[in-house]
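Got your viewer open and a selection box ready? Load the model below and follow along, one stop after another.

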Amino acid sequence: MRGFRRVLSYIRPYRASLAGSILCTILFTIFSGLMVWMLMPTLETLFGTSPVISVTAPVTPGEPAGGETGSAMDDVSGGTSGLQGVKNRLKNATRNLISRPDPKDSLIRLCLIYMLVVLLKNIFAYLQGYLMAIAENGLIRDLRVDLFDRLSRLSLGFFEQNRTGVLLARVTSDVTLVKRSAAALLVEFIKHPLSILVFLGMALVISPPLTLISLLILPASAWIITRIGRSIFRRTGRMQTEMGNLTAILSETLGGIRVVKAFDMEAYESARFAGAAGSYFNKSLRLARIRKLAAPSSEVVATVVGIGILYLGGVSILGGTSTLTPDEFITFLIVLFSMFTPLRELGKSYTKLQQGLAAAERVFEIIDTPPTIVDSPGASPLRDFTGAVDYRNISFEYEPGAPVLTGIDLSLRKGEIIALVGPSGAGKSTLADMLPRFYDPIAGAVEIDGTDIREYTVGSIRRLIGVVTQETILFNESVARNIAYGLDDFGMERVEEAARAANAHEFIMDLPDGYETFVGDRGVRLSGGQRQRLAIARAIMKNPPILILDEATSSLDTESEMLVQEALEHLMKDRTTLVIAHRLSTVQKADTIVVLEGGQIIQRGTHEALLAEEEGLYRRLHTLQFQT
Ligand code: ATP
């Protein structure tokens, strides 16, 4: 029930709408009850089944009421005269409202009252629904925003362990299920019990003994529903896991659609998706099998009890022992059967609630996941970089027992360029990722100006570092917004200046809307070289003192390559750069080249010095990698 309370806590900001909605629900229910109650005067007016009882004379001749001529059934309840009195007074009040000497006039009054009641009932139904929609949709918005906020703050490691599609499903599909449970919680758990109470009250007023018998429905239905509910909770979890798989395949295929097409794998991917859709179908059916049982089984129980009452009441009417007039008995039956609807709906709401709680558990699981890279207590902001970045005896592993970096010592002084080279999987990217605290080392420390970076706030470190990765990530926004990403106020002049320095201005001006052109998802409307130059312009715009550069390995054509190279030179000028180098020109320009292999530094020095080491890895790599 923790999930239940958590969902409720999201409703708190909307308590005014909620209170309004509850009030409207109460009024709606009262008017619904009134509609049924009006049946008695209607039957009376049309068929004259019951003689008029005056308020001053509660028991009129001919009406076997008041308990004096009560049947054995009336005796069961004992002390019903109070309720009889209430019944008679209510009946009289309604009669006085409707009854006119001419029955036609009574009928007209009756019709007018019906119209008024229906109108009011439906106005309250509308208001209740609308006010509830405010609370419900607000709750879902807040939950989604919180979920997204948490997701965006989680550390990189989390995203490596969870498939994007599965996370997408939590933000979309699971949250929608929570919405359904919220609706169940908010409206239905007030509306249906209230309707049941109103109908129960009316039934009690009409005939206490028959009402007592009909109460048998409640424990029987409750037993069925709670049993079903438990099963629904489990099955919903399984179904939503399948939904996660489905979304994951969808997002992977759409994200990699070029590769899918290039490898002619459309049919394979379709089959994979169909497989996941099939599993989802099976899990949904398993859920439906039990969920759809709730309403019919509780209806069967209720109807059996109803039929029992029809029989018992009928027998006593036929035997002439009934204390009820025919209009009372018919109304009682209608009241009873009217009570079945909210009872059945309550069962359905309970199943929805169980579904929602299962989904809520999955949503809160993410909201409750703590980010692993956070500001340490007492962390202070890093204001400037003046001296050096030092890696001190750094070791790191992604999986326990599988070291990726061991005993790394490295110093990068202000203004220097250090080039990291080494075979694939040597740990170059991991080493670079330690500096902006994408990962924390398991031993040793990275220091900026002699202080462990964990003593600084994460945000302040990252503000001083620019990262240009191999894969240029652009957002589907305007070119200008992409260049100024992360900056609140920026002048177009600065954007243009950065674009010029990154050799991007010319091609931007050729785009249909210049700097206002939208670049498409991940920048698909641009060429590889153009995307890279935009990413470089973005880094120039940020103007960080420290730069981490992962040079793109994919080769561009000579002209594009030259433009990118020039842009990079502008970018590196007057900065301190750690570069994962794939280009000869970069390694030649580096102050120090660090050669990594198997997570350890095995060589370091200038290009010339390392080339001179005949048996060194650098010389071999140089022949393979850089001499093209
Ligand atoms: P490349 O030049 O191919 O990009 P690299 O030198 O940058 O390689 P890293 O990406 O740092 O190498 O990876 C170093 C090692 O860590 C590799 O063996 C890799 O398989 C492993 N590794 C990288 N990322 C993860 C991860 N998220 N989880 C587990 N292992 C990882």
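Start with the backbone nitrogen of Leu 617: a polar atom of the Gln 603 side chain sits 3.2 Å from that nitrogen. Keep in mind as you click around that this is a predicted model. Now add Tyr 618 to the selection, whose backbone nitrogen is 2.9 Å from a polar atom of the Gln 603 side chain. Gln 603 itself belongs to strand S10, residues 600–605. Is Gln 603 buried or exposed? Its relative accessibility is 7%, and the cut-off for buried is under 20%, so Gln 603 counts as buried.

**Another polar side chain**

Next, select His 505, in helix H19 (residues 505–510). Show Tyr 515 as sticks too: the side chains of His 505 and Tyr 515 share a polar contact of 2.8 Å. His 505 is buried as well, with a relative accessible area of 10%.

**Salt bridges**

Time for some charges. Side chains of opposite charge can pair when their charged atoms come close. How many salt bridges does a search of the whole structure find? The count is 19, and we'll visit a few of them.

Select Glu 188 and Lys 352 and look at their side chains, which meet in a salt bridge with an N to O distance of 3.3 Å. This pair links distant parts of the chain, 164 residues apart: Glu 188 is in helix H8 (residues 164–206) and Lys 352 is in helix H14 (residues 326–367). The two ends fall into separate burial classes. Glu 188 has a relative accessible area of 16% and is buried, whereas Lys 352, with 23%, is partly exposed.

Move on to Glu 252 and Arg 272, another salt bridge, where the closest N and O atoms are 3.2 Å apart. Because Glu 252 lies in helix H10 and Arg 272 in helix H12, the pair ties together parts that are 20 residues apart in sequence. Both partners are partly exposed: Glu 252 has 36% relative accessibility, and Arg 272 has 29%.

Don't clear that selection yet. Add Arg 163 and Glu 269, and you have one network of Arg 163, Glu 252, Glu 269 and Arg 272, joined by salt bridges that share partners.

For one more pair, jump to Lys 573 and Asp 574, which form a salt bridge with their closest N and O atoms 3.9 Å apart. Lys 573 and Asp 574 are both exposed.

**A positive patch**

Switch to a surface view and go back to helices H10 and H12. Which residues form the positive surface patch? Select Arg 227, Arg 230, Arg 234, Arg 238, Arg 286 and Arg 289. Helix H10 (217–255) and helix H12 (266–291) each supply at least two residues of this patch, and the largest share, 4 residues, comes from H10. Pick out Arg 230, one of the patch residues, which sits in helix H10. With 56% relative accessibility, and over 50% being the cut-off, Arg 230 counts as exposed.

**A nonpolar patch**

Keep the surface on and select Leu 119, Ile 123, Tyr 126, Leu 127, Tyr 130 and Ile 134: together they make a nonpolar surface patch of about 600 Å². Zoom in on Leu 127, in helix H6 (residues 103–153). How exposed is Leu 127? Its relative accessibility is 33%, so Leu 127 counts as partly exposed.

**Two distances to draw**

Let's finish with a pair of C-alpha distances. Put a label on Ala 16, found in helix H2 (residues 15–37). Ala 16 is exposed, with a relative accessible area of 64%. Draw a line from the C-alpha of Ala 16 to that of Val 145: the two atoms are separated by 21 Å, and the residues are 129 apart along the chain.

For the last stop, select Arg 531 in helix H20 (residues 528–542). Arg 531 has a relative accessible area of 23%, which makes this residue partly exposed. Connect Arg 531 to Gly 459, C-alpha to C-alpha, and your viewer should read 26 Å for a pair that is 72 residues apart in sequence.

Methods
Residues numbered from 1 in each chain as written. Predicted model: local features only at pLDDT ≥ 70, side-chain atom pairs only at ≥ 80, totals over all residues. Heavy atoms only, no water. Patch = residues over 30% accessible without salt bridge, like charges linked within 9 Å, V, L, I, M, F, W, Y side chains within 5 Å. Areas by Shrake-Rupley, 256 points an atom, 1.4 Å probe, with all protein chains shown as cover. Salt bridge = Lys/Arg side-chain N within 4 Å of Asp/Glu carboxyl O. Lys, Arg positive; Asp, Glu negative; His and termini not counted. Charge placed at Lys NZ, Arg CZ, Asp CG, Glu CD. Buried < 20%, exposed > 50% of the residue type's maximum accessible area, 1.4 Å probe, protein only. Polar contact = N/O pair within 3.5 Å; in protein donor to acceptor, adjacent residues only side chain to side chain.
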